[in-house]
Amino acid sequence: MTSFTLKGLLTRKLRTALTAIAIILGVATVSGTFVLTDSIDKAFDSIFSDVYRNTDATITPKSPFDAGGDSGTSEASFDESLLPKVKALPDVQAAIGGVASESTQFIKDGKAIAYGGAPNLGFSVDPAQPQFNSLSLVLGAWPGADEVVVDKATADKEDLTVGQTIGVQAEGPVEQMKISGIVKFGSVSSIGGATLAGFDLPTAQRLFEKKGKLDQIRAAAKPGVSPDKLIAQIRTILPPNTEVRSGDAQAREDAKETDEFISFLRYFLLAFGLIALFVGAFVIVNSLSITIAQRTRELATLRTLGASRRQVRLSVVLEALVMGVLASIVGLFLGLGLAKGLFSLFDAVGFTLPNNGILLETRTVIVSLALGIIVTLIASFFPALRATRVPPIAAVREGAELPPGRFHRFRTPFAAVLTALGFGLLVLGLFSHGTSTVLLLLILGTLLVFIGVAMLSAPFIPVLSGILGWPATKIGGAAGSLARDNARRNPQRTASTAAALMIGLALVTLVATLAAGITASFRGAVNDIFTADFAITAQNNYSPIPTSVGRAAAKAPGVTAAGSVRTGESLVFGNKEFATAVTPGAKDVMTIKWTEGSQEVMGNLGADGAFVDKGFADDHDLTIGSKVPMTFVTGKSKTFTVKGIFDPPTGGSPFGPVTISAETWDAENPQPQDLYTFVKFAGGENDANRAALEQSLSGYPNAKVQTRQQFIDNQISGLNSVLNILYVLLALSIIVSLFGIVNTLVLTVFERTREIGMLRAIGLTRRQTRRMIRHESVITALIGAFVGIVLGLILAGLLIAKVDFLIFSFPTTQVIVFAIAAIIVGILAAIFPARRAARLNPLEALHYE
Amino acid sequence: MNENGTVVVARDVTRRYGEGETAVDALRGVSVEVPKGRLTAVMGPSGSGKSTLMHILAGLDKPTSGSVTVAGTEITTMKDSELTKLRREHIGFVFQFFNLLPMLTAEENIRLPLSIAGEKPDKEQFAQLIDSVGLGDRLSHRPAELSGGQQQRVAIARALVSQPEVVFADEPTGNLDSKTGAEILELLRHSVEEMGQTIVMVTHEARAAAIADRVLYLADGQIVRELSGASQSEIGEAMEEIAAR
């Protein structure tokens, strides 16, 4: 029996391969994700452990919370007088002090060098203590006063050479510096597109505006002294607001943020792999079902020879198991290739990921194989059940139909219940609390809805094919009419084939509708709020920039009002919140809707005033006069009094939950930064004013002047990049469904060999035969697209109804594009099966038994 | 097996397809005894119910009323698992379209019933079987590489390999030319003579029925005549008479 199953697989190579592709792609995504993220992870780990390799203890500023990398909040540096004290400790062999900055840009030809969203790192280097130096010189020399070393990747990309002069800007104005050397960071050639700028300590301190201060001290213990002992000794002289850790602990601490990013990337990509596998499961169910229908005679013969139902079922499951194992192994290795490809892809777009070689963990192998095999086995369950219903008498009866199963008549009600249950879970999820509960309910609900709708759609196939196939009958003539009838004749099969595509299209429609909602409400919000003439942000639209930019902008000739919004993090009521601060001028350049208080509040916040958004006020029962305690990054706490409550526009608030005055903010935050600055001119928005503003900002290449329209477009462009990534990832599941259509068509052509032979014999040309198959494919794809798009709109509608800051906006263009994409999928899927059908020799086809 | 030497016994078997006005009575009270070690042919014009009778005798279909015993056991009330066991141990099939599994070699096809039952063939007996069906050098070929006659030989060997109480042959020559058909009939006859095999063969060809020990004629769902040891021409004449009624 086993050899029978295995040999059966061999004789059905083509359909097995086509079915296996559905699993291979999903597994490849899963394994590729693991390989990619593990490799990045390992590379980062090696970077961080490289930095601290000879360090037994580190001293860093202590803050009440971890400030995020690009949040606008920097931790307070400590006084450099600590360094000689540390050096004087009996067990310290050597110690080094350093400063660092995450916004140190190279300015070339008046433009900041930046790759994607990668950080621009600046730090001090001390070649005199090579044991602490994780940089290695490739060319030139270590930097002297007012000199800089550049990392090799940036130097290569920008054609920078030793001896050349380049602009460097950190906190202050741009300075021209000589490049003294080109460096490499440990063994890694690049860190995700980050630019590295190294200076000697005094230069770095001046550039970063940290004169007389340090961000970190690294110390090495004398031989025989344990890190713990060293740490204990350092603790005796540790000033307040600093902390000491072992080198290893510091490496882990530094790696936290990248670890979070990598873990996010991992789950994000895995989600799409799982979606592809889910779609793949549909393809498998469908392919196996058709195959079993076609093998009715063979299975019945087995039954007459004494095979039990169990044996028949096992043979189908075994077939699926073998296919699942093979497909998963292929997928696993394809994933390795995929990870390599992604590294190259990221490299090509300038976001070079750290790469120390591809890493295949045991976990990757186990999870990928297990997922692929389990999904295949589950998908084979129903076809296997079908196979057991083949009666032995089918061995002697021509065209014996499978008897309907015991539960056949419950199928539609069951599907309806499943769909309803799915929607129920979705709604329940929307009203639940706790991210994991909400996510779990939403995912489960969506899965049930997909399965339910796939089963439910079969009775509607005749009507849908009738409507969506109408153009085919007009374009394709007789072939088109035949195609439409073919699509209708096995509704369950057409429904399952279309269902695979439906899932992908429902998800892209969901994404597109949400994006359209976000865009529309964002435009609305900006139009309401933005009462200035120009906005100034960082070149990348979202990084915080030094506050000196806002001050310089305010001094441009003709400016009547200017306001800046500071951004950063602090503890509010003990929770880490995104907080903002405004300069008094904000009241003239930003208009918001006040539920309590007025525009004037923005100008009169004073030393202890704050305004909050409505949601936050409701959560904490705040009214005018309520007290709000805040703890800043320095560890200092202050209580603020609520002076106003505003209603954030749908589309997003320009402020955090709590906003205080910029003056107070600047006093409590080392190196405060602005998210944006808005400026109003006497003559309004015109070229002369723009030129004046740009002139006054000429010293800040990272500052970008934008009109209202440009500001909206730029802010949305970030969303568009995210959208494009989502579309590309969802395209994967659409490709899987494409193979599903190919498979169904190949099997259908095989099944209709005799019929196609007859049609050819009575005069259907090869061209018409191809056209007939192609139209059937397109009709199937259109059914999938139609159901998917409708479902996607419904799902998006549900979400939008729940989320306050979104409005429903019909993504017309996208829906048209998706429908066209579905037609293209249909045409592509038909190429191979149509050729096979057209190649059939009419005479042989008629002889075919 | 019954003591009186009958392998299959059917009593008052009726079979109705469909319901109400469109109902068709394929069998209207048929009683048959299949004697051990004999070849019984069932003849009749198309639509006479001869195939239905065979399907019911073999447990592939269930009668509307009446009883059928195979090897002394009532089969009409059997569950699927019992019928599976019955087919495994007591029944062999030969089909008009051979029904060989295309991915298996001739030898694997022959062994299939045993491997389904989880048994190993007795080497000597297997060799003898191969020898008697005359397939010696074609054993490693797949069905697609065999002629129709060779395929039917494989099918016969497959039906005989588990030494069943009874073999049901459904138009075994229906898809073969007359020369090959004759060889196949000879082989079936041989298995009766030499091995004492019991065979029930459904056919509409007098030539095929001529090898039978006994010929039953079915018309309109009833047995209308029975001949024993008749020649091909007698069988043919009887057939024509029945068809002309």
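Here are some exercises on this two-chain model, each with a worked solution.

The model is predicted, so local features need pLDDT of at least 70 and side-chain atom pairs count only at pLDDT 80 or more, while totals for chains, interfaces and linings use all residues. Residues are numbered from 1 along each chain as its sequence is written, and chains are lettered from A and ligands numbered from 1 in the order in which they are written.

**Exercise 1. Get an overview of chain A**

Task: find how many helices and strands chain A has, and what percentage of its residues are buried.

Solution.
- Step 1: Count the elements. Helices (H or I, at least four residues) and strands (E, at least two) are DSSP runs, numbered from the N terminus. Chain A has 26 helices and 26 strands.
- Step 2: Check burial. A residue is buried if 20 or more other C-beta atoms lie within 10 Å of its own, exposed if 12 or fewer, and partly exposed in between, with C-beta atoms placed from the backbone. Of the 849 residues in chain A, 50% are buried.
- Step 3: Look at contacts. Two residues are in contact if their C-beta atoms, placed from the backbone, lie within 7 Å. Take the chain A contacts between residues at least 6 apart in sequence: 83% of them join residues at least 24 apart.
- Step 4: Box it in. Along the principal axes, the C-alpha atoms of chain A fill roughly 95 × 65 × 50 Å.

**Exercise 2. Explore the largest nonpolar core**

Task: work out which helix gives the largest share of the largest nonpolar core.

Solution.
- Step 1: Know the term. A nonpolar core is a set of buried Ala, Val, Leu, Ile, Met, Phe, Trp, Tyr and Cys residues joined through C-beta atoms within 7 Å.
- Step 2: Find the core. The largest one has 318 residues, and those with the most contacts inside it include Leu501(A), Val679(A) and Leu57(B).
- Step 3: Name the helix. Helix 15 (residues 491-529) of chain A gives the largest share of this core, 22 residues.
- Step 4: Zoom in on one member. Skipping neighbours within four places in sequence, Leu57(B) is in contact with Val8(B), Ala10(B), Val68(B), Phe168(B) and Val200(B).

**Exercise 3. Compare two helix pairs**

Task: are helix 5 and helix 6 of chain B roughly parallel or roughly antiparallel, and what about helix 9 and helix 10 of chain A?

Solution.
- Step 1: Set the rules. Axes are lines fitted to C-alpha atoms, for helices over the stretch in contact, and angles run from 0 to 180 degrees between N-to-C directions. Angles under 35 degrees count as roughly parallel, over 145 as roughly antiparallel, 65 to 115 as roughly perpendicular and the rest as oblique.
- Step 2: Take the chain B pair. The axes of helix 5 (residues 148-160) and helix 6 (residues 178-195) of chain B come within 9 Å and cross at roughly 15°. So helix 5 of chain B is roughly parallel to helix 6 of chain B.
- Step 3: Take the chain A pair. The axes of helix 9 (residues 309-348) and helix 10 (residues 362-388) of chain A come within 7 Å, crossing at roughly 150°. So helix 9 of chain A is roughly antiparallel to helix 10 of chain A.
- Step 4: Sort the chain A contact by class. Ala, Val, Leu, Ile, Met, Phe, Trp, Tyr, Cys and Pro count as nonpolar, Asp, Glu, Lys and Arg as charged, and the others, Gly among them, as polar. The contact of helix 9 with helix 10 of chain A has 16 nonpolar, nine polar and two charged residues.

**Exercise 4. See where the chains meet**

Task: find how many residues of each chain take part in the contact between chain B and chain A.

Solution.
- Step 1: Count both sides. 21 residues of chain B are in contact with 20 residues of chain A.
- Step 2: Find the helices. On the chain B side, helix 2 (80-90) and helix 3 (106-117) each supply at least two residues.
- Step 3: Sort them. The chain B side divides into eleven nonpolar, five polar and five charged residues.

**Exercise 5. Check three residues**

Task: say where Asn241(A), Ala837(A) and Thr677(A) are found.

Solution.
- Step 1: Asn241(A) is in the loop between helix 6 (227-235) and strand 15 (242-246) of chain A. Asn241(A) has a positive phi of about 65° although it is not a glycine. Most residues other than glycine have a negative phi.
- Step 2: Ala837(A) lies in helix 25 (residues 812-839) of chain A. Ala837(A) counts as buried because it has 26 C-beta neighbours inside 10 Å.
- Step 3: Thr677(A) lies in strand 25 (residues 673-681) of chain A. Thr677(A) also counts as buried, with 29 C-beta neighbours inside 10 Å.
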